[in-house]
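Take a walk through this model, one element at a time. Keep the sequence open beside the 3D view.

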Amino acid sequence: MNGLNLLFYPRSVAVIGASEDVRKPGYMFVRSMLDLKFKGEIYPVNPKASEILGLKCYPNVSSIPGEVDLAILLIPVGKVLDVLVDCGRAGVKYVIVLTAGFSETGTKEGVERERKIVEVARRYGMRIVGPNCMGIYCPSSGISLFAGLSNKPGDVAFISQSGSLAAIFSLYLEMGYNVHMSKVVSIGNECDVNSVELLEYFGEDEETRIIGAYIEGVKDGRRFMEAARKVTARKPVVVWKAGRTGEGARAAASHTGSIAGSDAIWNAVFKQTGVVRALNFEELVDYVVTLRSLEELCGGRVAIVSSPGGLAVAATDACVEAGLEIAELKSETKEKIKKIIPEYGTSVRNPVDLGFGAVIPEIPVEVLRVLSDDPGVDVILYVGGAPTADVIRVTEMTAKMIVESGICSKKPLVATMPLGLLPAHLQRRFIEAGIPVYTSPERAARALAKAIKYHEYRRSQK
């Protein structure tokens, strides 16, 4: 694999600007690597300290006795250039510059600072991540954006031009869905290592099954298209492209110095390359979780099962508006369902209205089982809830039985649960069983439609 491996799996890391003050990033980065049990050597660098968190501290990189593969810079902007020269002379391979004050300022001084650090890096054969970033997170090697992230390796990679969003996305997937990351990179201004290079790397990375990204713009559009087309033929890529409006584009320029570009052009690029576009954080999460759970979707004929009648209608509208088809159930399917659900206040047509039948957990599970055998159904949308004051307990029991039934192994299944009805631990169990969960039918329909289009694109490339 290419040279970026050493960025994610360094044998040694120097934290330049390490600190004994728990309030400072220099403390946090050393602490996080110790917590994640970093497998190599950690060298704190601070001329005013002899020891930090039990580790010998060095006055500068040149005084470190061993080789340094990666240096993390947490120092004032005025010192960055001199420290980079020191790193270059010491043979450092990669440098992460967290410091801001470069091209994102829009000033001649900031742009010139960035030009000079790139010049130094090229002179010594170093690679730079940043500046104006939060660094990388790789659980399998023990490097983290900050303390408290999991050391459990996952299969989702994330590229972000926003440092805070990289951290929030990682935590959100981990805590809400028990989905873990393979690698995360906060790239900031991308003066050297860039989103396209990382996309290419993650496309080949065996630990990564799906790639997510938050980008405000790219500097080489042609290379991005080539990389995206190649990667999406192998694994899903979900991109939240921000800066869609004129005001948003100006904000992107001041955030990371990115050139946002025309939104119409970006739509065309995503369509041509098979990239799944998300318009906000909610969609980014939904699409990543859906594509990760549903590895193959061969059609858009949806069967809807619901107890709340209003939500059944809403789900039908949402599916049709998203471009999905409401499946025509076979007569034998409807006859079987008729024998399972109560005769009053219900319907065996699609959507299947369970009525008071939803109060008994076995009933929705049996209906789902029957629908999974219908050859005219490609995917099932289950809308949770039950007409009872004990709705949370009944919903929990039903969810548990659905997961244990293994229905989703026969036919793709997604579920929606009104906010607050599904405990967090059961939501995670749904995801572990390969069943994406949403808080509304609209979110479910949008995610399903995007996933189906991606799989259609992928099949067309074979």
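A polar contact is a pair of N or O atoms within 3.5 Å. Asn-280 makes one at the N-terminal end of helix 10, in this predicted model. Its side-chain oxygen lies 3.2 Å from the backbone nitrogen of Glu-282, and Asn-280 thereby caps the helix.

Now follow helix 10 itself, residues 281-293. At 1.5 Å a residue, its 13 residues should span 18 Å. The end C-alpha atoms are 18 Å apart, which agrees. Twelve of the 13 residues are buried, so helix 10 is largely enclosed by the rest of the structure. Among the buried residues are Phe-281, Glu-283, Asp-286, Tyr-287 and Arg-292.

Turn next to strand 9, residues 156-160. Five of its five residues are buried. In a regular strand the side chains alternate between the two faces of the sheet. Val-156, Phe-158 and Ser-160 lie on one side of strand 9, with Ala-157 and Ile-159 on the other. Both faces are covered.

Strand 9 has partners. Five bridges join it to strand 11 (residues 210-215), and the two run parallel. Here Ile-159 stands opposite Ala-213. Five bridges also join strand 9 to strand 10 (residues 181-186), again in parallel. Phe-158 has Val-184 as its bridge partner in strand 10. Helix 5 (residues 163-177) completes a right-handed β-α-β unit with strand 9 and strand 10.

Finish at Ile-326, in strand 15. Is this residue buried or partly exposed? Ile-326 is partly exposed, with a relative accessible area of 22%. Its contacts include Val-302, Ile-304, Cys-319 and Asn-350. The C-alpha atoms of Ile-326 and Ser-150 are separated by 41 Å.

Conventions: Residues numbered from 1 in each chain as written. Predicted model: local features only at pLDDT ≥ 70, side-chain atom pairs only at ≥ 80, totals over all residues. Heavy atoms only, no water. Helix = DSSP H or I, 4+ residues; strand = E, 2+ residues; numbered from the N terminus. Expected span 1.5 Å × (residues − 1). Buried < 20%, exposed > 50% of the residue type's maximum accessible area, 1.4 Å probe, protein only. Polar contact = N/O pair within 3.5 Å; in protein donor to acceptor, adjacent residues only side chain to side chain. Contact = heavy atoms within 4.5 Å. Pairing = 2+ DSSP bridges. Right-handed = clockwise from strand over helix to strand, strands pointing away. Lists of a residue's contacts leave out its neighbours within four places in sequence.
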